[in-house]
Amino acid sequence: MGQHFDVVVIGGGPGGYVAAIRAAQLGLKAACCEENPYADPKGEPRLGGTCLNVGCIPSKALLHASRLALLAREELAAFGVEVEGVKVDVGKMMARKEAIVTQLAGGIRTLFRRNGVTFLPGRGRLRGERGDLWEVAVGDEVVETRHVVVATGSRPRVLPEVPVDGAVVCDHTGALSWSSVPERLVVIGAGVIGVELGSVWRRLGAEVTVVEVGARFLPSADADVARALQQALERQGMRFRFGCRVEGVQVNGERAIVQIKEGEVSERLEADRVLVAVGRVPYAEGAEEEGIRLPRDERGFVAVDEVCRTRLPRVWAIGDVVRGPMLAHKAMQEGVMVAERIAGQAGMVNYEAIPWVIYTDPEVAWVGKSEAELKASGVRYRVGRAPFAANGRALGMGKGGGFVKVLSATESDRILGVHVVGEEASELVASAVVGMEFSAAAEDLARICFAHPTLGEALHEAAAAAAFGRAMHC
Ligand code: NAI
């Protein structure tokens, strides 16, 4: 028998690597295995999972780069800054993105060394129980451990009628690495990936059509916020086709024909590239060896309780492979919670205060309940709204679109949800998360002194509008 550990984490994404580091910090002998589908060009293993390698981090690098290109081309003139001869070098953008990913992936290896986490390259498979130990096969080796944390993440959902070839028809991995700007891009799915990566390529000059089977844009977002974002993206030239079913895609050389059906009407869309972004599915089988099956819930996720325990003794599961939003920060918090529970502490995740962010322009961010959710649950609530058009800082930045909306309970004034569409919504929502975590009332936020002039004042004003029925500047 090979090495012995207190905790073996299967999967080195944001949930897994954080769980391993926290476990080691608490004095446990911890290892983390990673099957490493994202080897760098030298074949070196790269930790960080989907988020770091082909998700959050590279997409934000490209969103920022493409935003700068658009600024230089179209928007700086309004500030009195004339720029001529703007050129976009997609290769350089990609190289910069790649360098960021490589730097951060190396950083996780350094953190493992500093904290004493053993890195086990190779796919980890739960093999079976021997007494109060689990055997985990990693590559050709078998290690023993008291606890196992399954953090195998998720995979893109595949549409049988739209096979991904990685060249013309791609999922997000491909669309983060195209070496040239497609003339016409069809995005299948108006979800988070569709709007973020659709934005990148639209800003760089592609004609972008987003085909969505549902009737509404971003159904999980508050309806006012979703409407505002859709309108902004349409102004930027993105086209949306709702209620459209994709019947198939034919690829002919470097061109694709996407066959769609809207009601009874069939149509063919021509494209140079197709991005399939129709959701993700849990990858539980990634941690299983023949004869072992992790218990699943009715939707195919690994079934866990509120502290991420599976029904198998001392086997835990976290991140995209279990219920809840598929968000890196939710996975990280679960990693911390599980490591602390294994160490005998009382780690917790407050699932009511997990923020969502969509990194479009304008950004969208929210925490807590939407108006539709509050109406459906029969809760009586008040709405306070503050537009960025009345915010001096936003106007100075040329970002007067969008608003902050605070929803608070009518009886208690407790904040139930905060929704932001506008510049730096991703940063603004953090104050709302702090408020909700400490069960703040809208009046609490309204009475705190916010610096002037800041975008945060819109949150202050929206809270005042919810608490007192009025704000100072709107
Ligand atoms: P998603 O669930 O956000 O959106 C998928 C969309 O595809 C939905 O609107 C759905 O109705 C539509 N769809 C499904 N089948 C379709 C079909 N056959 N034809 C047309 N449309 C169809 O999933 P997405 O965008 O793939 O992202 C996956 C996950 O990744 C998200 O749930 C999110 O948790 C995570 N993510 C988070 C980001 C962030 O936090 N900023 C960024 C990117 C991804």
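**A guided reading, beginning at S66**

Apart from neighbours within four places in sequence, S66 is in contact with M93, V200, R203 and L204. This residue belongs to helix α3. With R203, S66 also shares a polar contact, in which the two side chains are joined at 3.4 Å. Is S66 buried or exposed? Because its relative accessibility is 0%, S66 counts as buried. The model in which these contacts are found is a predicted one.

From this single position the view may be widened to the whole protein. The chain forms 13 helices and 22 strands. Its radius of gyration is 24 Å, close to the 23 Å that the globule rule gives for 474 residues, so the protein is as compact as a globular protein of that length. The C-alpha trace spans about 70 × 60 × 45 Å along the principal axes. Of the 474 residues, 53% count as buried, and S66 has already served as an example of a buried residue. The contacts of the fold may also be sorted by separation in sequence: among those between residues at least 6 apart, 62% join residues that are at least 24 apart.

Helix α3, which contains S66, also takes part in the second largest pocket, where α3 gives the most to the lining, with ten residues. The volume of this pocket is about 920 Å³. Which elements each supply at least two residues of its lining? They are α3 (56–75), α4 (90–115), α7 (223–235), β22 (415–422) and α11 (425–437). In total, 37 residues line the second largest pocket, and those nearest its centre are R67, T360, D361, K399 and E423. By character, the lining of this pocket divides into 15 nonpolar, ten polar and twelve charged residues.

A last stop lies further along the chain, at P453. This proline is placed in the loop between α12 (442–447) and α13 (457–468). How exposed is P453, and what value supports the description? Its relative accessible area is 41%, and because this value lies between the limits of 20% for buried and 50% for exposed, P453 is classed as partly exposed. P453 and N391 are 62 residues apart along the chain, while their C-alpha atoms are separated by 7.7 Å.

Taken in order, the path has led from S66, a residue of helix α3, through the overall fold with its 13 helices and 22 strands, to the second largest pocket with its 37 lining residues, and finally to P453 in the loop between α12 and α13.

Methods. Residues numbered from 1 in each chain as written. Predicted model: local features only at pLDDT ≥ 70, side-chain atom pairs only at ≥ 80, totals over all residues. Heavy atoms only, no water. 1 Å grid on protein atoms, 1.4 Å probe; cavity = no way out; pocket = protein on both sides within 12 Å on 5 of 7 lines; lining within 4 Å. Points joined across faces, edges and corners; volume = space filled by probe spheres on them. Helix = DSSP H or I, 4+ residues; strand = E, 2+ residues; numbered from the N terminus. Nonpolar A, V, L, I, M, F, W, Y, C, P; charged D, E, K, R; others polar. Buried < 20%, exposed > 50% of the residue type's maximum accessible area, 1.4 Å probe, protein only. Polar contact = N/O pair within 3.5 Å; in protein donor to acceptor, adjacent residues only side chain to side chain. Contact = heavy atoms within 4.5 Å. Rg over C-alpha atoms; globule rule 2.2 N^0.38 Å.
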